[in-house]
Amino acid sequence: MWKKTEKAFFEGVTPSQVWNIWKDVDQWTAWNEDLEGCKLMDSFETGGTFELKPRGGPKVQLTIEEAIENRSFTDCLHLPGAKMYGMHEVKKVDGGVELTTTISITGMSSAMWVSMLGEKVARKSKKQMIALVDLIQSAK
């Protein structure tokens, strides 16, 4: 299994503000410039599904493996011979929140998917956290 984690601290933001942005999947393009489109297929809870259209790539469907309101969600993308998970956590700390994103890939074809997709997704996770918080702060 391959795994990469990014963490960042942000002042003046609450877990519920972050959660509200996360659960509004249809608006993810407002803070994730790598996406052309997003659509929540049912509900933002464990077992729910959503569709993403990455820039220059095909539409993909992901499953929400776990969702804990105001705390975390984990999504899963089924790839040929592998699965890619995105675990997104928000934790209240003094003065703000700590955001953590962990990208992991498992399965017999994981090495191929790490080089084709995983490294790129993981590399951009901190930039996406910053853009998400900027969106929250601009609405104040």
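## F44 and F73

F44 and F73 are both buried in this structure, which is a predicted model. Their rings form an edge-to-face aromatic pair, with 5.0 Å from centre to centre and 65° between the planes. This pair ties together distant parts of the chain, since the two residues are 29 apart. F44 sits in the loop between β2 (35-40) and β3 (49-54), while F73 belongs to strand β5 (residues 72-79).

## The other rings

If you look through the whole structure for aromatic pairs, you find 7. Take W19 and W22: their ring centres are 6.3 Å apart and the planes meet at 75°, which is over the 60 degrees cut-off, so this pair counts as edge-to-face. Both tryptophans come from helix α1 (residues 15-23), where they are 3 residues apart, or about one turn of the helix. W19 is buried, and W22 is buried as well.

These pairs don't stand alone. Ring pairs join W19, W22, W28, W31, F44, F50 and F73 into a cluster.

## The sheet

Now for the strands. There are 7 of them in an open sheet, paired antiparallel in the order β1-β7-β6-β5-β4-β3-β2. At the edges are β1 (2-11) and β2, each of which has a pairing partner on one side only. From one strand to the next, the twist averages 20°.

β5, the strand that holds F73, pairs with β6 (residues 82-93) in the antiparallel sense, over 8 bridges. Within these strands, T74 stands opposite M87 of β6.

## Helices on the sheet

Helix α1, home of W19 and W22, packs on the sheet and touches β2, β4 (60-68), β5, β6 and β7 (96-106). The direction of α1 makes about 150° with that of β6.

Helix α2 (residues 110-123) lies across β1, β5, β6 and β7. Relative to β7, helix α2 runs at about 160°.

## S125 in helix α3

How buried or exposed is S125? Its relative accessible area is 4%, and anything under 20% counts as buried, so S125 is buried. This serine lies in helix α3, which covers residues 125-138.

Which residues does S125 touch, leaving aside those up to four places away in sequence? The contacts are E6 and T101.

Terms used:
Residues are numbered from 1 along each chain as its sequence is written. This is a predicted model: local features need pLDDT of at least 70, side-chain atom pairs count only at pLDDT 80 or more; totals for chains, interfaces and linings use all residues. Side-chain values use heavy atoms; hydrogens and water are left out. Rings of Phe, Tyr and Trp (its six-membered ring) pair if their centres lie within 6.5 Å; planes under 30 degrees apart count as stacked, over 60 as edge-to-face and the rest as tilted. Helices (H or I, at least four residues) and strands (E, at least two) are DSSP runs, numbered from the N terminus. Buried means under 20% relative accessible area, exposed over 50%, partly exposed in between (1.4 Å probe, protein chains only). Contact means heavy atoms within 4.5 Å. Two strands pair if DSSP finds at least two bridges between them. Axes are lines fitted to C-alpha atoms, for helices over the stretch in contact, and angles run from 0 to 180 degrees between N-to-C directions.
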